[in-house]
Amino acid sequence: VRIASRIDDSVFLCFFVFSFRCVALGLFVASHCVSRFLVLFVMPPRDQVTAAAAGSAGSKAKFESCCEHVETHGFTRLRHTPPPFTVGDIRRAIPKHCFERSLVTSFRYLFQDLALAAAVFWLGSKIDGVITDDVFGSTYGPLARHVAWCTYWVVQGFVLTGLWVIGHECGHGGFADSSLVNDVVGSIIHSFLLVPYFSWKISHRKHHSNTGNMAKDEVFVPSTRADVDIDSPFMWSLPMRVWHVIVTFTVGWPAYLAANVSGHEYPKGRAVNHFSPWSPIFVKRERILVVLSDVFLLAVCYVLYLAAQTYSWTAVLYYFFVPYLFTNFWLVFITLLQHTDVYMPHYEDNEWDWLRGALCTVDRDYGFLNVVMHHIMDTHVAHHLFSSMPHYHAQEATEAIKPILGDYYRFDDTPIFQAMWRAFSHCHYVDVDKKNCGHDGVLWFHDANEQRAAKRSKKSQ
């Protein structure tokens, strides 16, 4: 493989990648500001969130309360009262074949992703041999190569995220009927992407078993009022918001694996991570699986070391590590928007139940990435209800359950980067919303800046 042997300054590369991300973030922020200007001063107001057709009028009236239709930042809150349907009702609405797994179909998607990743890798290997200074000149040649490499990183990041989703499906038992096939395929895929497969599988199962539970959920558990200082203007200022975005999307995924960042609190005095068999995430019988995951990761790291010795560390950085960073970005980005927005409730342990917790998520449209990433974003509600359903049936299942779920289903068509900025701007902590007849045990996102302004206004009165 022809590698980028002429670009030896890895420090410059890291700086270039960081600058590339910062410029992209700046464009996203500018896009958000322009869109908000248009919405506030040019375009007529419109509802950005659509819901499926509501259930019967009788059921709606029976379960409607004064808190069900509260508007927050232009969005109607997700319904949080006990629904008038059961999991069995939802399951019966879905065609039976949607729960059937096809080994041929599953492997077809796997080989399709592998072939696409190999094709993108092959094209990347041609960059320095085709885009030369002899062809483009000494001025535009390096610039053209940088553009080509950035394109490779972004595209390969898309493809590897889709491959990660296949491994995710294995962890849920949705790839094959055989648990052995699921675990073998999932271990290979996730280990290649530096994910401890069995360790992640265990904690992710707990996430699905406790979604929206403030005391037991495993990921993106929001801060509470007691955890934050709303009286600090700098903490919630625009520069800090941008800093939180950068940190979240660069080191968020490794930080979660290594230190349980964004997970619920465990007893103090014990290291909480996905690599130690004695981490409180795992019970005694699961420790051997954690060790096995670590062994697989060490094997992959050794292969990467051999590749670096054979070619160069720059080659490993260009071909593998930078696309890996983009894959991490998408994992955190997708998961964040699946469980964080101004209309999303969370529950105290004594108020929580599994069905309402499973409905604490939202479907979003990512355009062509829906296909590349196997519809993990636009069918996530169905996935949380029936996580072992294969992804290639999830769209049909989603359409089938919408009439049953009614207002309990949420599809948000807000542009994804605008939705991300909204989450960082307004979802600072959760608390009971006493102003809108909030129920004890049901927590809603609050904006620290708005709460501080309201507190100041109350004092001035």
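**Exercise 1.** In this predicted model, determine in which loop Leu194 lies, and whether Leu194 counts as buried or exposed.

*Solution.* Begin with the position along the chain: Leu194 sits in the loop that runs between α7 (179-192) and α8 (197-209). Next, consider the backbone, where phi of Leu194 is near 60 degrees, a positive value in a residue other than glycine. Finally, turn to accessibility: buried means under 20% relative accessible area, and because its relative accessibility is 18%, Leu194 counts as buried.

**Exercise 2.** Carry out the analysis for His375, stating which loop holds this residue and what its phi value is near.

*Solution.* The loop in question is the one between α13 (369-372) and α14 (380-385). Phi of His375 is near 60 degrees, which is again a positive value in a residue other than glycine. With a relative accessibility of 13%, His375 counts as buried.

**Exercise 3.** Describe the largest cavity by its volume, the residues closest to its centre and the make-up of its lining.

*Solution.* The structure holds two cavities of 30 Å³ or more, and the largest has a volume of about 130 Å³. Its lining comprises 16 residues, of which Glu169, Ile376, His383, Met389 and His391 are the closest to the centre. Two or more lining residues come from each of α6 (133-171) and α14, with α6 giving the largest share, three residues. By character, the lining of the largest cavity divides into seven nonpolar, eight polar and one charged residue.

Technical notes: Residues are numbered from 1 along each chain as its sequence is written. This is a predicted model: local features need pLDDT of at least 70, side-chain atom pairs count only at pLDDT 80 or more; totals for chains, interfaces and linings use all residues. Side-chain values use heavy atoms; hydrogens and water are left out. Helices (H or I, at least four residues) and strands (E, at least two) are DSSP runs, numbered from the N terminus. Buried means under 20% relative accessible area, exposed over 50%, partly exposed in between (1.4 Å probe, protein chains only). On a 1 Å grid over the protein atoms alone, a cavity is a set of points where a 1.4 Å probe fits but cannot get out, and a pocket is an open set with protein on both sides within 12 Å along at least five of seven lines; lining residues have an atom within 4 Å of a point. Grid points are joined across faces, edges and corners, and a volume is the space filled by probe spheres set on the points. Ala, Val, Leu, Ile, Met, Phe, Trp, Tyr, Cys and Pro count as nonpolar, Asp, Glu, Lys and Arg as charged, and the others, Gly among them, as polar.
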